[in-house]
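Please open the model in your viewer and keep the sequence panel beside it. The tour below moves from the whole chain to single residues, and each stop tells you what to select.

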Amino acid sequence: MPEFIPGLELAGLYYHEAVKPILQSRYPMLLHSAGLIGTGSEVLGFDDETSTDHSWGPRLILFLSKQEHAWVADKLRLTLGQELPFSFYGYSTHFEAVPGEPGAVVPAETDNRPINHTVRITVLSEFLQHYVGTPLEEELTVLDWLTIPGQKLRSLVTGAVFDDGLGVLGPMQRKLAYYPHDVWLYLLSAQWRRIWQEEPFVGRAGWVGDEAGSAIIAARLVRDLMHLCMLMEKQYVPYSKWFGSAFALLECADLLSPVLEAVLASTGWQERERHLCAAYEVVAAMHNDLGVTELVQTEVRQFHDRPFRVIEGEEIAKALWDAIQDPEVRALPYGVGKIDQHVDSTDILSYTERSRRLGALYGGWTG
């Protein structure tokens, strides 16, 4: 195996040292943009040696205008297949399909041309229409923000731009940088409400001897707190495989990670609840630091007259809801949030045509 190079770095080298010279030689007047966005652990910066076994290697996306794409895309694809090197920094540039896995490819050695390279040639609006369900030629609507999974938004804004001759990739990433302010408040409110709905159940399940149930609920609350922290620090939530890796990059991670890990390692509900309460108080203080509502109470308290302790997340959820000014956002159903706050199925979040249809969850507001 060659020395591992992170995929985004490899893609940048591939463009500048292999692809761009061919473009300059064969199509010197062709205006284009180049980058690597969309699917792939390397796009998020989380790839490692294990990632190299499939759908990974020297690859990138060339974006052309609709007019240029119509006449030159097929010719350019063939030109690259005839002229790109067989390997680049030790990695094969030729790929073969994986039987039974649609869309998956693996690197394969060859000495025949044209090679089956993974330089994708497309039009940005068409790429986005397929990937997130909108060409982004106009501003996103509130419904767009709610039905495009965060994992897809993250993979667009964290990807690399190597050349933006068309002037389209930079504006796209700036447009998608993060949710509009009042949409963000709505999502924060919905996340606190999720926590409030289950926070007393860690103790209640344990009280009747159901330690397994208590542990499952605690794990759900840990995930919800991590999701909330990502919202607070304005980071899109990635695919579940990289959820913990993304959380570790947050400013709050050094303080919170040991506490949340202690929750998951606890063997009794009292210990589990104690660590959760410590996490609640940290996150409530983080909320106050945002300055988006009046100060909220950061100390846990007893749940009515029962022997369980909670942060009363609903109080914070309501304060956030009251801070929303945008009438379109205020017309949304309270507490629902966006798609990846109430759906975690890969078969929904990974398929645009399915995730966008869930706009119906917002009722008559969707029109």
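What follows is a walk through the predicted model, stop by stop.

**The whole chain**

Begin with the full chain in a cartoon view, where the secondary structure comes to 18 helices and 10 strands. Turned along its principal axes, the chain has C-alpha atoms that fill a box of roughly 75 × 45 × 35 Å. If you then colour by accessibility, 52% of the 367 residues count as buried, while the surface that the chain exposes amounts to about 17,100 Å², with carbon and sulfur atoms supplying 52% of that area. Of the contacts between residues at least 6 apart in sequence, 72% join residues that are at least 24 apart. Colouring by charge brings up 30 positive and 49 negative charges, whose mean positions are 5 Å apart.

**Strand β2 and its partners**

Next, select residues 59–63, which form strand β2. How many of the residues of this strand are buried? The count is 5 of the 5, so strand β2 is largely enclosed by the rest of the structure. Show the side chains as sticks, and you will find R59, I61 and F63 pointing one way from β2, with L60 and L62 pointing the other way.

Keep β2 in view and add residues 33–36, strand β1, which pairs with β2 in the antiparallel sense over 3 bridges. Within this pairing, A34 stands opposite L62 of β2. Now add residues 118–122, strand β7, which pairs with β2 in the parallel sense over 5 bridges; here V119 in β7 is the bridge partner of L60.

**Two loops beside these strands**

From β7, step back to P114, which sits in the loop between β6 (105–107) and β7. The peptide bond that joins R113 to P114 is cis, with omega at about 0 degrees. Then select S55, in the loop between α2 (41–44) and β2; S55 is not a glycine, yet its phi is positive, at about 45 degrees. With a relative accessible area of 28%, S55 is partly exposed. Both stops deserve a second look because most residues other than glycine have a negative phi, and most peptide bonds are trans.

**A covered helix**

Select residues 150–157 to bring up helix α6, which is mostly covered, as 7 of its 8 residues are buried. The buried residues of α6 are G150, Q151, K152, L153, R154, S155 and L156, and the list therefore includes the charged residues K152 and R154.

**Three salt bridges**

The structure holds 13 salt bridges, and the tour visits three of them. As background, side chains of opposite charge can pair when their charged atoms come close.

Start with R77 and D74, whose side chains meet in a salt bridge with an N to O distance of 3.1 Å. Both residues belong to helix α3 (residues 66–83), and because they are 3 residues apart there, about one helical turn separates them. R77 counts as partly exposed at 33% relative accessibility, whereas D74 is exposed, with a relative accessible area of 61%.

Move on to D144 and R356, whose side chains meet in a salt bridge at 2.3 Å, N to O. D144 lies in helix α5 (residues 142–147) and R356 in the segment after α18 (352–355), so this pair ties together parts that are 212 residues apart in sequence. Is D144 buried or exposed? D144 is buried, with a relative accessible area of 11%, while R356 counts as partly exposed at 21%.

The third pair is R220 and E198, with the closest N and O atoms 2.9 Å apart. Since R220 lies in helix α10 (residues 211–232) and E198 in helix α8 (residues 181–198), the pair ties together parts that are 22 residues apart in sequence. R220 counts as partly exposed at 35% relative accessibility, and E198 counts as buried at 17%, a value under the 20% limit used for burial.

**A last stop after helix α10**

Finally, follow the chain to K234, in the loop between α10 and α11 (243–247). K234 is not a glycine, and its phi is positive, at about 55 degrees. At 43% relative accessibility, K234 counts as partly exposed.

Terms used. Residues numbered from 1 in each chain as written. Predicted model: local features only at pLDDT ≥ 70, side-chain atom pairs only at ≥ 80, totals over all residues. Heavy atoms only, no water. Helix = DSSP H or I, 4+ residues; strand = E, 2+ residues; numbered from the N terminus. Buried < 20%, exposed > 50% of the residue type's maximum accessible area, 1.4 Å probe, protein only. Contact = heavy atoms within 4.5 Å. Areas by Shrake-Rupley, 256 points an atom, 1.4 Å probe, with all protein chains shown as cover. Charge placed at Lys NZ, Arg CZ, Asp CG, Glu CD. Salt bridge = Lys/Arg side-chain N within 4 Å of Asp/Glu carboxyl O. Pairing = 2+ DSSP bridges.
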